[in-house]
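Me: I'd like a close look at a single part of this one: the DNA contacts. Please go strand by strand.

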Number of protein chains: 2
Amino acid sequence: MATTIRDVAKKSGYSITTVSRALNGYDDVSEETREKILQVAKELNYYPNRIAQNLVTKRFNTLGMFILERMTFQQPFIFEVVSGVVDEATKEDFDLLLFGTQSLRSGMKPHQMCTQRGVGGAIIMGLRLHDPIIQVMEESGFPTVLIDIPIKGKRATFVASDNQLGSLQAINHLVNLGHRHIGFINGHLEAWVSLERLKGYKKGIEEHSLPWKSEYIFQGDFSKESGKKGARILMTQNPELTAIFVASDLMATGVIEELTLMGYKIPDDISVIGFDDLDFASHIKPTLSTIRQDKYQLGIEAARKIIAMIKNENYLPEQHFLKTTLISRESTGPVRIE
Amino acid sequence: MATTIRDVAKKSGYSITTVSRALNGYDDVSEETREKILQVAKELNYYPNRIAQNLVTKRFNTLGMFILERMTFQQPFIFEVVSGVVDEATKEDFDLLLFGTQSLRSGMKPHQMCTQRGVGGAIIMGLRLHDPIIQVMEESGFPTVLIDIPIKGKRATFVASDNQLGSLQAINHLVNLGHRHIGFINGHLEAWVSLERLKGYKKGIEEHSLPWKSEYIFQGDFSKESGKKGARILMTQNPELTAIFVASDLMATGVIEELTLMGYKIPDDISVIGFDDLDFASHIKPTLSTIRQDKYQLGIEAARKIIAMIKNENYLPEQHFLKTTLISRESTGPVRIE
DNA sequence: CTGTTAGCGCTTTCAA
DNA sequence: TTGAAAGCGCTAACAG
């Protein structure tokens with residue numbers, strides 16, 4: 001059995017109350033008393049029981065993080081976000097309760113699971129665009145931060161990269177290399193980021209007044225396979241393309257494989273640029289040019305927001321997007337002279 | 001405020017006690033009463049407060065997972081283990097509290113952090129061989145499962161892949177392809193798995209009576225850079241090598257890059273086989289032959305063991321290792337005819 | 001400055 | 001079969 005406040009009280013000769021106040025830094029305790037109590041606490045190796053504290057104070061010091069749809073998602077991405085959340089939480093003396101794909105199986109909603117566990121706010125990732133949970137959380141009034149999915153409740157907000165910016169950076173990069181016929185392989189449209197990346201792509205095309213057909217866009221699903229398929233279809237239908245912007249690194253690996261199979265040299269014949277900057281982007285050959293998302297920072301921001309909301313009843317953090325960065329590697333190069 | 005057992009009692013007309021027993025499935029409650037209470041509970045959307053439950057019952061339904069040394073480790077590996085732990089925990093109705101690299105910063109030990117939070121057992125990963133925490137946990141008597149590090153307390157055990165088997169599989173594979181001069185690039189020796197992989201390598205060499213020099217072994221540190229360095233040194237000093245077994249996929253990417261730089265064709269001139277089978281192993285070119293660890297299962301096993309220990313005061317799961325699997329891809333091939 | 005009392009939401013004797 | 005009372009470990013009025 002762990003030592004309780006009672007033990008400290010007994011041994012120090014003070015009441016439980018006084019011990020509590022001394023330990024919690026109240027100033028209505030004489031310095032002498034505090035010192036003695038601190039001393040005893042140290043001797044006894046006493047640490048307050050957080051769940052008892054939580055029960056009585058109703059002050060929350062636990063975050064809940066829900067990771068839905070782990071499989072279809074890109075794992076390294078998730079892990080970096082989680083790392084950011086954990087680190088920021090630890091810094092703020094918050095614990096992190098992790099809920100997996102199967103946690104909602106019972107039909108319980110995230111805020112119910114949280115309330116039941118003394119968790120003050122929820123970070124949710126891996127949601128699809130029209131998941132009913134979004135509305136549930138909007139209306140629940142429970143502090144919620146979504147990752148990569150918009151939400152607009154009184155106590156709900158979201159964090160995401162500036163995906164439009166990312167697309168623009170990709171297009172600009174390609175245009176700077178002389179490309180004018182640029183294809184786009186997108187992820188599935190159940191992901192909000194896909195919508196944004198598409199907008200960015202179109203914006204880029206317009207801004208540079210590039211030649212344009214709707215056949216330049218292939219609708220993938222974030223899988224490597226869909227990258228391969230997209231590459232083949234795009235190049236077969238539009239042999240004039242000299243560059244392809246791919247909405248995820250994983251799909252981009254598929255694209256590169258397929259193009260290579262089709263006899264194209266990368267980047268000599270065709271430039272390929274991805275999105276995310278996952279770890280392997282720098283390990284594959286050719287190394288992959290891509291748009292980096294700061295995933296760790298995404299986690300940090302999510303944690304900051306949820307913690308701010310928990311600490312302040314009436315605070316709803318304003319929305320802002322994280323900047324993406326162009327990472328230029330080997331898979332993109334100057335357009336071939338025709 | 002969430003609905004409490006009190007609300008259910010009031011609305012149903014029964015006492016708190018009876019409600020508690022009805023909900024917890026005690027059989028000294030008439031069926032009629034139970035039905036009514038269940039009904040009211042449903043109407044009120046009542047779910048018991050787990051932290052209050054925990055406080056009074058001292059029955060633990062939370063696992064603590066500590067991830068130390070995140071950076072030097074391989075993130076996708078960790079994430080899969082965590083996924084396994086989460087899924088198994090959820091299945092058993094356990095919650096998972098995640099502690100990051102900085103959580104022990106305060107000087108608190110894992111079991112103290114856990115006790116303080118009503119956490120019944122700890123899974124720890126990312127520990128180095130001689131970390132004092134190992135002994136602390138051995139002696140603490142707190143249910144503990146380490147990942148990839150041996151421990152032998154009364155309430156402490158560990159899970160790991162059979163790394164010796166993995167090495168043997170790698171060597172056998174190479175020998176089957178006709179290789180006899182096989183180099184080895186290991187991880188740093190602060191990792192127990194490195195010791196094991198080394199043993200397996202030596203065993204393999206012996207079993208097949210292969211020609212052998214201590215110069216065939218390079219001591220890396222799991223980083224890609226060390227893979228590159230190792231490849232260069234190994235091939236410079238031992239040009240007779242036709243294959244290299246590398247103790248991690250990440251290092252293997254470095255090896256392949258460096259060998260390619262040096263003008264070797266893979267696998268025509270030299271075969272390379274990694275360890276882990278991380279995601280990118282199948283995305284790089286050439287695709288990487290490797291020894292797969294079932295990381296997800298590692299997580300499942302860790303969770304099972306810790307849960308079994310929590311549920312049973314006197315149970316210490318016996319130790320066993322998870323089988324590894326040879327994954328043969330493009331980076332290994334028959335030895336070149338000389 | 002310190003202690004008494006009450007109570008967070010729940011389970012568990014013990015009586016009725 | 002049900003309920004009253006005590007208590008898990010802690011904090012928070014409220015007196016003194």
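Reply: What follows goes through the DNA contacts, then a helix pair and a few backbone details.

A bit of bookkeeping to start. This is a predicted model, where local features need pLDDT of at least 70 and side-chain atom pairs count only at pLDDT 80 or more, while totals for chains, interfaces and linings use all residues. Residues are numbered from 1 along each chain as its sequence is written, chains are lettered from A and ligands numbered from 1 in the order in which they are written, and side-chain values use heavy atoms, with hydrogens and water left out.

Take DNA strand D. It has 29 residues around it, and the closest are Ile5(A), Tyr46(A), Thr18(B), Arg21(B) and Thr33(B) (near means that a heavy atom of the residue lies within 4 Å). Of the strand D atoms within 4 Å of the protein, 64% are sugar or phosphate, and the rest belong to bases. By class, the surface near strand D holds 12 nonpolar, 12 polar and 5 charged residues. Here Ala, Val, Leu, Ile, Met, Phe, Trp, Tyr, Cys and Pro count as nonpolar, Asp, Glu, Lys and Arg as charged, and the others, Gly among them, as polar.

Now for the atom pairs on strand D. The side chain of Thr18(B) has an N or O atom 2.6 Å from a phosphate oxygen of strand D. For Gln53(A), a side-chain N or O atom is 3.0 Å from a phosphate oxygen, and for Asn24(A) a polar side-chain atom is 3.1 Å from one. The cut-off for a polar contact is a pair of N or O atoms within 3.5 Å. Helices H2 (16-23) and H4 (50-57) of chain A and H2 (16-23) and H4 (50-57) of chain B each supply at least two residues of this surface near strand D; helices are DSSP runs of H or I with at least four residues, strands are E runs with at least two, and both are numbered from the N terminus.

On to DNA strand C. There are 28 residues around it, with Thr17(A), Thr33(A), Ile5(B), Tyr26(B) and Tyr46(B) coming nearest. Sugar and phosphate make up 64% of the strand C atoms within 4 Å of the protein. Bases come into the polar contacts here: a polar side-chain atom of Thr17(A) lies 2.9 Å from a base oxygen, and a polar backbone atom of Val56(A) is 3.4 Å from a base oxygen. Tyr46(B) goes for the backbone of the DNA, with a side-chain N or O atom 2.7 Å from a phosphate oxygen of strand C. H2 and H4 of chain A, plus H2 and H4 of chain B, give two or more residues to the surface near strand C, and H4(B) gives the most, with 4 residues. That surface splits into 12 nonpolar, 12 polar and 4 charged residues.

Between the two chains, H5 (residues 75-91) of chain A packs on H5 (residues 75-91) of chain B at about 85 degrees, with axes 9 Å apart. H5(A) and H5(B) are therefore roughly perpendicular, a label for angles of 65 to 115 degrees. Gln75, Ile78, Phe79 and Glu80 of each chain make the contact, where contact means heavy atoms within 4.5 Å.

Finally, the backbone details. The peptide bond from Lys285(A) to Pro286(A) is cis, with omega near -5 degrees, and Pro286(A) sits in the loop between strands E9 (271-276) and E10 (289-292) of chain A. Asp148(A), not a glycine, has a positive phi of about 70 degrees.

How values were computed. Axes fitted to C-alpha atoms, helices over the stretch in contact; angles between N-to-C directions. Parallel < 35°, antiparallel > 145°, perpendicular 65-115°, else oblique. Polar contact = N/O pair within 3.5 Å; in protein donor to acceptor, adjacent residues only side chain to side chain.
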